[in-house]
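Open the model in your viewer and keep the selection box handy. We will go from the whole chain to a single side chain.

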Amino acid sequence: MRITQVETFAVPPRWLFCRIETDEGAVGWGEPVVEGRAATVRTAVHELAEYLAGRDPMRIEDHWQVMTKGSFYRGGPVLSSAVAGIDQALWDIAGKTLGVPVHVLLGGPVRERVRAYSWVGGDEPGEIAEAVRAQVEAGFTAVKMNACGRMNRLATAADIAAVVERAATARDALGPERDFAIDFHGRFSAANARRILPHLAPLHPLFVEEPVLPEYAHRLGDVVSASAIPIATGERIYSRTEALPALQAGIAVLQPDLSHAGGISEVRRLASLAETFDVLLAPHCPLGPISLAASLQVAFSTPNFLIQEQSIGIHYNKGAELLDYVIDPEVFRFDEGHLRRPLGPGLGIEVDEQAVRRADGSARDWRSPVWRHDDGSFAEW
Ligand SMILES: [Mg+2]
């Protein structure tokens with residue numbers, strides 16, 4: 001079997017899909033994208049496709065090695081995401097060719113269902129209770145929220161009180177049986193995170209995410225030691241070597257993204273590395289159906305898996321929804337806030353190719369918001 005064609009499709013709301021075709025008819029799908037840099041990653045995918053043309057798609061690991069290490073300058077989100085999408089598509093082809101889901105190739109299922117959480121915002125404190133209640137009614141047992149909107153890197157007493165009030169509102173609406181996680185989104189300095197965490201600890205969040213920016217991983221240990229709250233990070237970590245300082249700093253939850261961190265191949269290894277630190281895996285996934293399907297294949301085969309992020313119905317999916325691009329949305333139907341084990345071959349979804357081809361190029365490229373502080377200086381989003 002040989003790879004004959006690699007195509008990419010830029011589709012709304014902000015996703016990039018790749019389709020790899022073989023001379024024996026097997027087709028695989030992947031989702032290689034960095035939010036806000038879809039066109040850049042698309043170029044990287046086509047550069048890598050030059051190497052893949054005419055090669056055996058079943059040699060996934062060898063291709064991963066060459067794609068990742070085969071140029072002198074390596075790493076970073078763009079290349080790691082391009083490799084990730086191609087890697088997903090190659091696993092899809094392998095599963096379909098052998099007639100089994102990818103998680104069977106990864107050692108078989110270790111659980112029967114996967115717990116997922118929904119997003120409830122948090123930028124606007126007035127909407128939190130209502131948003132939480134809607135997710136509880138929909139059956140979810142966990143939600144995630146922002147701690148704040150734009151914030152100074154050292155907050156005022158009023159800012160700190162507002163963060164705690166948001167979290168308390170969520171806890172009240174959830175009761176003690178359900179979980180909420182809080183995303184600091186790298187908006188705080190390490191000192192600010194240390195100051196706020198002890199105030200949140202009595203509310204028992206499941207975890208606090210990105211308490212500092214990934215470039216300050218050398219400060220993570222200080223943050224971890226500030227309270228008993230489990231600390232999570234990883235959506236902006238792209239490889240095992242980048243994950244190591246965070247793991248050594250004592251984080252509790254590693255959150256690699258299947259579409260950023262080298263795909264199924266590398267996230268599988270990141271999960272295994274995390275296990276040696278007694279750290280749980282919670283794959284980041286604000287993206288589309290292929291990325292979520294790839295996440296589930298890892299979730300079902302990873303013993304130290306905690307919970308899955310997903311973006312179905314989320315406010316920032318403007319112009320298209322995750323379910324618009326799959327033939328059978330049943331795969332992503334929630335049952336008491338859990339997803340069932342996908343039994344289809346490969347990634348376990350059937351991509352609606354006609355819908356993808358129709359949507360290609362139909363939306364303006366999405367860009368990250370640029371925030372400013374009151375004095376006009378740049379603020380972390
Ligand atoms: Mg996050």
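Start with the whole protein in cartoon: its secondary structure comes to 12 helices and 15 strands. These are DSSP runs, numbered from the N terminus: helices are H or I, at least four residues, and strands are E, at least two. The radius of gyration, taken over C-alpha atoms, is 20 Å, close to the 21 Å of the globule rule for 381 residues, so the protein is as compact as a globular protein of that length. That rule is 2.2 Å times the number of residues to the power 0.38.

This is a predicted model: local features need pLDDT of at least 70, side-chain atom pairs count only at pLDDT 80 or more, and totals for chains, interfaces and linings use all residues. Residues are numbered from 1 along each chain as its sequence is written.

Next, select residues 77–98. This is helix α3, with 22 residues. Of these, 18 are buried, so α3 is largely enclosed by the rest of the structure. Buried means 20 or more other C-beta atoms, placed from the backbone, within 10 Å of the residue's own. Step just past α3 to glycine 99, which takes a positive phi of about 75°.

Now show the largest nonpolar core, which has 120 residues. Such a core is a set of buried Ala, Val, Leu, Ile, Met, Phe, Trp, Tyr and Cys residues joined through C-beta atoms within 7 Å. Ile231, Ile251 and Val253 touch the most other members. The largest share, 10 residues, comes from α3.

Finish on isoleucine 251. Beyond its neighbours within four places in sequence, its contacts (C-beta atoms within 7 Å) include Leu220, Val224, Ile231 and Val279.

Methods: Expected span 1.5 Å × (residues − 1). Buried ≥ 20, exposed ≤ 12 C-beta atoms within 10 Å, placed from the backbone. Contact = placed C-beta atoms within 7 Å.
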